[in-house]
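User: Hello! Could you take a close look at the ligand site of this model for me, and then place it in the setting of the rest of the chain?

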Amino acid sequence: MGRLDGKVALITGAGSGMGRLAARAFVDEGALVVACDLKEAAARETVADLGERAVAVAADVTREADVARMVSTAVDRFGRLTVLYNNAGIFDQADESVLTMDEAVWDRTMAINVKGVAFCCKHGIPELIRAGGGSVINIASFVALMGCTVPQDAYTASKGAVVSLTRSLAVQFGPQGVRANAICPGPIETPLLRDLLKDENKRRVRLSRVPMGRFGQPEDVVSLSVYLASDESTWTNGAALVVDGGISVNYF
Ligand SMILES: NC(=O)c1ccc[n+]([C@@H]2O[C@H](COP(=O)([O-])OP(=O)(O)OC[C@H]3O[C@@H](n4cnc5c(N)ncnc54)[C@H](O)[C@@H]3O)[C@@H](O)[C@H]2O)c1
């Protein structure tokens with residue numbers, strides 16, 4: 001028996017990194033999965049060997065019509081939706097301090113990381129309610145909770161918004177059986193981080209802050225997502241769960 005038997009999950013940003021691994025892990029645990037990504041070929045590659053239990057959908061989370069279509073695809077294909085996994089997000093290499101802020105970088109970051117999550121909730125949560133309850137999993141970041149002397153201010157602000165929005169969702173929809181939780185990962189070795197870590201100095205500075213002595217792996221986050229998607233977490237609501245190898249509790 002799988003931990004996610006009977007669940008129907010929609011995962012955004014499922015064409016790469018943690019979203020791709022989550023799609024595969026969810027299917028392994030018995031869920032039916034709608035794997036969405038801006039990049040259609042990447043989403044298709046994710047589901048290529050998952051058979052009938054997963055479907056790929058090309059969707060840009062900043063476009064409301066795309067979001068409505070991906071939610072209706074889940075319902076049409078699998079009958080209902082019980083897990084909304086808002087994972088799509090970007091970190092722009094040009095995103096540094098507000099002092100050097102480029103307006104286009106700010107707007108794009110906010111559009112994908114915040115408005116995209118809001119659109120997915122707007123269209124996904126009514127389906128979770130219709131299904132009799134469900135779980136919203138929002139991927140934020142540990143930078144939502146602590147300052148960083150190597151700033152990435154648009155990203156930081158966007159992930160702070162995700163944590164705040166998650167709390168609001170938790171109290172609004174808890175009475176209807178819909179839980180909402182945020183995961184705040186530390187640096188995880190995915191394509192998103194790989195480019196940043198090509199710079200040896202940036203890599204060394206970040207690694208020196210991790211008590212566990214390594215960067216995170218996608219599995220470190222996805223195992224928590226499986227818990228949040230499952231009935232093991234039916235009283236976990238409104239949390240911002242940190243998975244960062246101890247970075248955020250490290251004074252020196
Ligand atoms: N990797 C890290 O260190 C780290 C740390 C903390 C939080 N996160 C967050 O985890 C999430 C997943 O990150 P990852 O490292 O797996 O990233 P990734 O870049 O490997 O994957 C992100 C996916 O999102 C998709 N995407 C981007 N814009 C989209 C849009 N508008 N609509 C639909 N899909 C879109 C991309 O095509 C890509 O496939 C992101 O929200 C990220 O901010 C990552």
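Analyst: Happy to: the answer below starts at the ligand and then moves on to the cores and two single residues.

Please keep in mind that this is a predicted model. Around the ligand there are 29 residues, and among these Ser16, Asp37, Tyr155, Ile188 and Thr190 come nearest.

Three close pairs of atoms are worth displaying. The side chain of Asp60 places an N or O atom 2.9 Å from a nitrogen atom of the ligand. Lys159 also uses its side chain, with an N or O atom 2.9 Å from an oxygen atom of the ligand. Asn87, in turn, has a backbone N or O atom 2.8 Å from a ligand oxygen. As for cover, the ligand on its own has 830 Å² of accessible area, and the protein covers 94% of that.

Now to the nonpolar interior. The largest nonpolar core has 35 residues, and Leu10, Val34, Met70, Leu84 and Val136 are the ones that touch the most other members. At least two residues of this core come from each of strand 1 (8-12), strand 2 (32-37), strand 3 (54-58), helix 3 (64-78), helix 4 (103-130), helix 5 and strand 6 (178-185). Helix 4 gives the largest share, seven residues.

Val34 is a good residue to centre your view on. Leaving aside residues up to four places away in sequence, Val34 touches Ala9, Leu10, Ile11, Val55, Val57, Met70, Ala74 and Phe78. There is also a second, separate core of 29 residues, with Ala23, Val33, Ala35 and Leu224 among its members.

Lys7 makes a nice next stop, in the segment before strand 1. Lys7 counts as buried because its relative accessibility is 15%, under the 20% cut-off. The side chain of Lys7 is joined to that of Asp231 by a polar contact of 2.7 Å. Beyond four places in sequence, the residues that Lys7 touches are Ala31, Leu32, Thr82, Val83, Ala229, Ser230 and Asp231.

Finally, have a look at Val150, in the loop between strand 5 (134-139) and helix 5 (153-173). With a relative accessibility of 32%, Val150 counts as partly exposed. Val150 and Pro126 are 24 residues apart in sequence, and their C-alpha atoms are 39 Å apart in space.

Technical notes. Residues are numbered from 1 along each chain as its sequence is written. This is a predicted model: local features need pLDDT of at least 70, side-chain atom pairs count only at pLDDT 80 or more; totals for chains, interfaces and linings use all residues. Side-chain values use heavy atoms; hydrogens and water are left out. Helices (H or I, at least four residues) and strands (E, at least two) are DSSP runs, numbered from the N terminus. Buried means under 20% relative accessible area, exposed over 50%, partly exposed in between (1.4 Å probe, protein chains only). A nonpolar core is a set of buried Ala, Val, Leu, Ile, Met, Phe, Trp, Tyr and Cys residues joined through side-chain atoms within 4.5 Å. Contact means heavy atoms within 4.5 Å. A polar contact is a pair of N or O atoms within 3.5 Å; within protein, one must be able to donate a hydrogen and the other to accept it, and residues adjacent in sequence count only if both atoms are side-chain atoms. A residue is near a molecule or strand if one of its heavy atoms lies within 4 Å of it. Accessible areas come from the Shrake-Rupley method with a 1.4 Å probe; for residues, only the protein chains shown count as cover.
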